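Colleague: Could you walk me through this model and show how each label is earned? I would like the cut-offs as we go.

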Amino acid sequence: MGDRGWMYHRLDDNGCYTDEFKIGVESFLDYAFSQSNPEFCCRNRIKCHCSKCMNQEWHRRITVQCHLTKKGFMNGYIVWLAHREQPFRKRQRHQWGESFSAAPFVMEEQCNDPIRDMVMDANLHGMEYNMNEQASDEPIFEEAMGDVKEFFDLLQAADTPLYDGCDDGDTILKWVSHFLNAKTLYNMSVANWDYMLKCTRRWMKPEDQDRIPKDFYSAKKMMKRFSLGYKKYDVCVNNCFLYYGEYENKNYIACPICGEPRYKQGHVQQNKHIPRKSLWYLPITPKLKRLYMCRKTAEHMIWHLNCGGVSEKIMHPTGAEAWKHFDRTYPDFASNPRNVRLGLCTDGFTPFGHTSAPYSCWPVFLTVYNLPPAMCMKPESIFLSLIIQGPQSLGKNIDVMLRPLIDELKELWYNGVKTYDSFRHEHFIMRAALMWTITDFPIYGMLSGWSTHGRLSCPYCQENSKAFHLPNG
């Protein structure tokens, strides 16, 4: 990868296009349209990464050239990830990075069967461990396998054709995953989905009908192995107490703060009490581990070590002073670039529209800033961590709801978790740090505890604020 400075020096002092920019655009187009894999170049179209399309639209060569000439390149697209280019290797700035510059990078061939690769990444990530680890006493193979029967059932479904004589790659698992995806995309009901499945089975040969699930429940059970799970906690109806830890026991039937009952009075389903309010927590650790379990994302997780701060402009948090100050303050954490840096975002919204009764639901998201700019803001890189039920706004009690997330982040910071890196074929201790919160100003006050009202509302100016009161106000 040569110098990419020409990408952001489009015009000269006279407002004319520079020669190096025009030559660079042509060389990029030649490279992008030379790819044979349809994931990167399909039907003479590639993803346009101008400042408007931002790798979201597919266009022909003349259209891409016109967009890049008029609008320029999108910010931070130093490495052409969406056009099959991989991060380059060079001598690292950190001592730990010496092992990463030992050999030049060789691009891995695209997997011919992504469904089977998905099964391997989700279940058998530890089988490809370093041979040097065999001498240890830890049962690495057993730990990596998990539930062996479930794994081999999924592997069989990924290899078994949908019916005899179908095209290569049309397997049971691929069909089920696409069928379930259609239900989500088009908001199909379970009854509608089951009817379509019933019609499909009717048109298949009798000996092939048993290969696919019988109903929605059976299909979900097959795909459950890929799920990451969640935890559900009861919450006081006034948002002042979370039944968490030792208070999760069913014996606590009233809030110790305000005395409100924990369960709905007279509502019992299957001998279980119905809580008045609940919190859904999706643990972040399994999601972070899966980023390293997938070979395609494991290498990108150290992108910031190779490419961070290349441009003069701040196009990614790795080029900001806060990132550098954090590295100087915690050198032990910064010494391993595989450690994860997170940002938290939350806000309340009305899920039922403004015309219905007021209702405020609060999701909490975490995003991974190890990834390059073209990936870290993708929906698949933003993880839903908490769903806080309404109807009232949380106010200053939001910290009560964040307790499970804070405990998990503290565990990841102090102790870390053993993780398998499928790109380097080794285990390591992954740690994580929450570096930023992205909110509006009122929610900033809710998360930090700082009063965002009155004379001292500015957290930077504080008592040096130039605020004043109107004499007759």
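Modeller: Happy to! Let's begin with pLDDT, the predictor's confidence in each residue, from 0 to 100. The chain has a mean pLDDT of 78, and 79% of its residues reach 70 or more. This is a predicted model, in which local features need pLDDT of at least 70, side-chain atom pairs count only at pLDDT 80 or more, and totals for chains, interfaces and linings use all residues. Residues are numbered from 1 along each chain as its sequence is written, and side-chain values use heavy atoms, with hydrogens and water left out.

Colleague: Which elements have the lowest and the highest mean pLDDT?

Modeller: Helix α4 (residues 140-145) has the lowest, 40, and α16 the highest, 94. Helices are DSSP runs of H or I with at least four residues, strands are E runs of at least two, and both are numbered from the N terminus. Over residues 124-148, pLDDT stays under 50.

Colleague: How do you know that the length of α16 fits a helix?

Modeller: The expected span is 1.5 Å times one less than the number of residues. Helix α16 (residues 403-414) has twelve residues and should span 16 Å; its end C-alpha atoms are 16 Å apart, so the two agree.

Colleague: What makes the buried residues of α16 line one face?

Modeller: Those residues are Pro 404, Leu 405, Glu 408, Leu 409, Leu 412 and Trp 413. Buried means under 20% relative accessible area (exposed is over 50%, partly exposed in between; 1.4 Å probe, protein chains only). Seen down the axis, they fall within an arc of 170°, so they line one face of the helix. The arc is that of the directions from the helix axis to the C-beta atoms.

Colleague: Why is Asp 234 called buried?

Modeller: Its relative accessibility is 8%, and the limit is under 20%, so Asp 234 counts as buried. Asp 234 lies in strand β3 (residues 231-234).

Colleague: What makes the pairing of Asp 234 with Arg 262 a polar contact?

Modeller: The term needs a pair of N or O atoms within 3.5 Å; within protein, one must be able to donate a hydrogen and the other to accept it, and residues adjacent in sequence count only if both atoms are side-chain atoms. The two side chains make theirs at 2.9 Å.

Colleague: And why is His 67 called buried?

Modeller: His 67, in helix α2 (residues 61-71), has a relative accessible area of 15%, so it is buried. Contact means heavy atoms within 4.5 Å; beyond four places in sequence, His 67 touches Cys 48, Cys 50, Cys 53, His 59 and Gly 72.
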